[in-house]
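Subject: Structure handover

Hello,

Here is the structure I said I would pass on. My notes on it follow below.

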Amino acid sequence: MANTAVIKNYIDGMWQDCVSGARIEVDDPATGETIAVIAEAGPRDVELAVAAAHRVFRDRVLIDMHPYDRGRMLFRVADALEARHEEIASVNCAETGKGLDLARDEVRTAIRYLRYYGGLADKLEGRSIPRGANLVDYTVRSPFGVSAQIVPWNGPLELTARSLACAIATGNSVVVKSPELAPLSGVELARACEAAGVPAGAVNVLTGYGQTAGQALIEHPDVRHIVFTGSLATGRTVLRSASERVVPCIMELGGKSAAVVYSDADLDCVVEAVRIGTFLNAGQNCNNLTRLIVEDSIADELVERVKVRVEGLSIGPGRQNCDITPMISQKQRQGVERACQEALSQGARLVTGGTVLSERSGYFMAATVFADVARQSSLFQKEVFGPVLSVTTFDDPLMAVELANDTDQGLAAGVFTRNINQALWTADRLWAGQVYVNGWYVGGVETPFGGVKQSGYGREKGQEALDGYVQTRNIGIQISQAECGSVSSRPR
Ligand code: NAD
């Protein structure tokens, strides 16, 4: 083990051990070896963190700060991350297993979120509502209070940064529950907040298991806002708890994103989209490209091209920047293996992959492509969250759109064609929160992101995200004309 010092939780501006003394071991997914040990937060640590965050809210520490200063504070957090960019990318790479360049991108993206929302902190305005001579009426966009933020392991730094930045920009205080499988990036963000002089208690970062620390956090009576990013199954649990106290939630859940490929598409572009969309980070992205819906006439050629490309991908640890990096855990990989076996039993044709790479240490899974995937099959319908692509064919555009939309999820979707009319017609009909044309992951920090249907609701990223972190309050003022004398001034 590289470093045996126990990493603590960041509560009320201090690095605190957990009350129980319990520990979580963090593995390197490329080797299975323990790379760090972190204090396991439980309900009593959640209590301390929420108390600190609630105090910051009650004392109006962030609310009364000039919004420009809240923004400058976020810039300083970004600067602190930037100053240690390479070191933090290595930590992110080591704990998630993703490629080092991808981890560097993640740090850059986190920095961009902090600067983007820092810049917007002083631009969130209310309205003045005309109501005649005797009334002055305006709206203010107020924070909710303590925002509980539950984060998954696949993008632990950028997903934490995007929610935290919105919350602080709008005057909420934050308690983050970092993912137990990849908690070190959240620790780095907490260090950056500390270095930036974020007031004690405004940002608290805990690592614990979902069913203990996570559940205690969402059930806490002083939590007034929840941002949940994770699976549909856990999302339902979070929503049930939130409904008890009518706590508003932003739900960023899973996907089963499809791309429609017309016969006139640039197939090199499609193959590249598959490389990044399906296989980066071992397919562990919520909006990854999981289903190709391909026009009959080009299906064989495209499947062959994809097969050749996929079989040429390098496999190895993220620190070597290989194309196919390990999955996060043995459990996650077993789930993908099961999904592949089920696909075979339901009649899909295996084009390549389908097995674990057991000759390697760590949690590697072969890049996998299935063709002839039926729309009723589990592989077509259910999120796998691994390096698995399914191919299904169509023979007319209406059928293509119907197939693409035929799941309970709707996070991202795509269309590949050289015909702009076909592209726009299809993009308009793909029922997903974000649609890509002739590429994949075409969105950015400034573009609103989130699901339709069971992929969730509320938006992260872009200016729309701020709307989810404030509630409009209205203030009406009655004016007594009697005290103002007779009406003497008229507009001219
Ligand atoms: P998960 O649902 O298992 O865990 C997510 C987080 O919830 C973890 O921090 C976990 O500890 C916590 N948790 C678990 N049980 C809890 C409970 N009872 N109460 C409170 N918190 C609890 O998901 P995962 O496996 O970590 O992440 C993968 C999933 O996340 C995929 O479905 C993926 O599509 C989704 N995801 C969505 C987005 C998005 O922006 N829409 C982004 C990334 C990942």
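Is cysteine 286 buried, partly exposed or exposed? With a relative accessibility of 22%, cysteine 286 counts as partly exposed. Please keep in mind throughout that this is a predicted model.

Cysteines

Cysteine 286 also comes up in the search for disulfides, which covered the whole structure and found 0. The closest cysteine sulfur to that of cysteine 286 belongs to cysteine 166, and the two are 16 Å apart, too far for a bond. Cysteine 322 is a second case: the closest cysteine sulfur, in cysteine 93, is 10 Å away, which is again too far for a bond. A disulfide would need the two sulfur atoms within 2.5 Å. Cysteine 322 has a relative accessibility of 13% and so counts as buried, because the limit for buried is under 20%.

The ligand

Which residues come nearest to the ligand? There are 28 residues around the ligand, and Val151, Lys177, Ser231, Thr234 and Glu383 come nearest. For valine 151, a polar backbone atom lies 2.7 Å from an oxygen atom of the ligand. Glycine 210 also has a polar backbone atom by a ligand oxygen, here at 3.3 Å. With glutamate 252 the side chain is involved: one of its N or O atoms is 3.2 Å from a nitrogen atom of the ligand. On its own the ligand has 850 Å² of accessible area, and the protein covers 91% of this.

The space that the ligand takes up is the largest pocket. Four elements give two or more residues each to the shell around the ligand: α5 (156–169), α7 (210–219), β10 (223–229) and α8 (232–245). Of these, α7 gives the most, with 4 residues.

Residues in two of the shell elements

Leucine 159 is part of helix α5. Its relative accessibility is 12%, so leucine 159 counts as buried. Leucine 159 and tyrosine 113 are 46 residues apart in sequence, and their C-alpha atoms are 9.4 Å apart in space.

Histidine 225 has its place in strand β10. The relative accessible area of histidine 225 is 1%, and the residue is therefore buried. From the C-alpha atom of histidine 225 to that of arginine 418 the separation is 44 Å, with their positions 193 residues apart along the chain.

A buried glutamate

Where does glutamate 188 lie? Glutamate 188 is in helix α6, which runs over residues 184–195. It is buried, with a relative accessible area of 5%. The side chain of glutamate 188 makes a polar contact of 2.8 Å with the side chain of arginine 84.

Positive phi values

Two residues other than glycine are worth listing for their backbone angles. Valine 246 has a phi near 55°, a positive value. This valine lies in the loop that connects α8 to β11 (249–252). At 70% relative accessibility, valine 246 counts as exposed. Asparagine 438 likewise has a positive phi, near 55°. Asparagine 438 sits in the loop between β19 (434–437) and β20 (452–453). Its relative accessibility of 36% makes asparagine 438 partly exposed, because that class falls between the 20% limit for buried and the 50% limit for exposed.

Two further loop residues

Leucine 357 is found in the loop between β14 (349–352) and β15 (368–371). Although in a loop, leucine 357 is buried, with a relative accessible area of 10%. Alanine 367 is 10 residues from leucine 357 along the chain, and the C-alpha atoms of the two are 9.8 Å apart.

Glutamine 463 belongs to the loop between β21 (456–457) and α15 (464–467). Is glutamine 463 buried or exposed? At 53% relative accessibility, glutamine 463 counts as exposed. Glutamine 463 and glycine 476 are 13 residues apart along the chain, and 27 Å separates their C-alpha atoms.

Regards

How values were computed:
Residues are numbered from 1 along each chain as its sequence is written. This is a predicted model: local features need pLDDT of at least 70, side-chain atom pairs count only at pLDDT 80 or more; totals for chains, interfaces and linings use all residues. Side-chain values use heavy atoms; hydrogens and water are left out. Buried means under 20% relative accessible area, exposed over 50%, partly exposed in between (1.4 Å probe, protein chains only). A residue is near a molecule or strand if one of its heavy atoms lies within 4 Å of it. A polar contact is a pair of N or O atoms within 3.5 Å; within protein, one must be able to donate a hydrogen and the other to accept it, and residues adjacent in sequence count only if both atoms are side-chain atoms. Accessible areas come from the Shrake-Rupley method with a 1.4 Å probe; for residues, only the protein chains shown count as cover. On a 1 Å grid over the protein atoms alone, a cavity is a set of points where a 1.4 Å probe fits but cannot get out, and a pocket is an open set with protein on both sides within 12 Å along at least five of seven lines; lining residues have an atom within 4 Å of a point. A molecule sits in a cavity or pocket if more than half of its atoms lie within 2 Å of its grid points.
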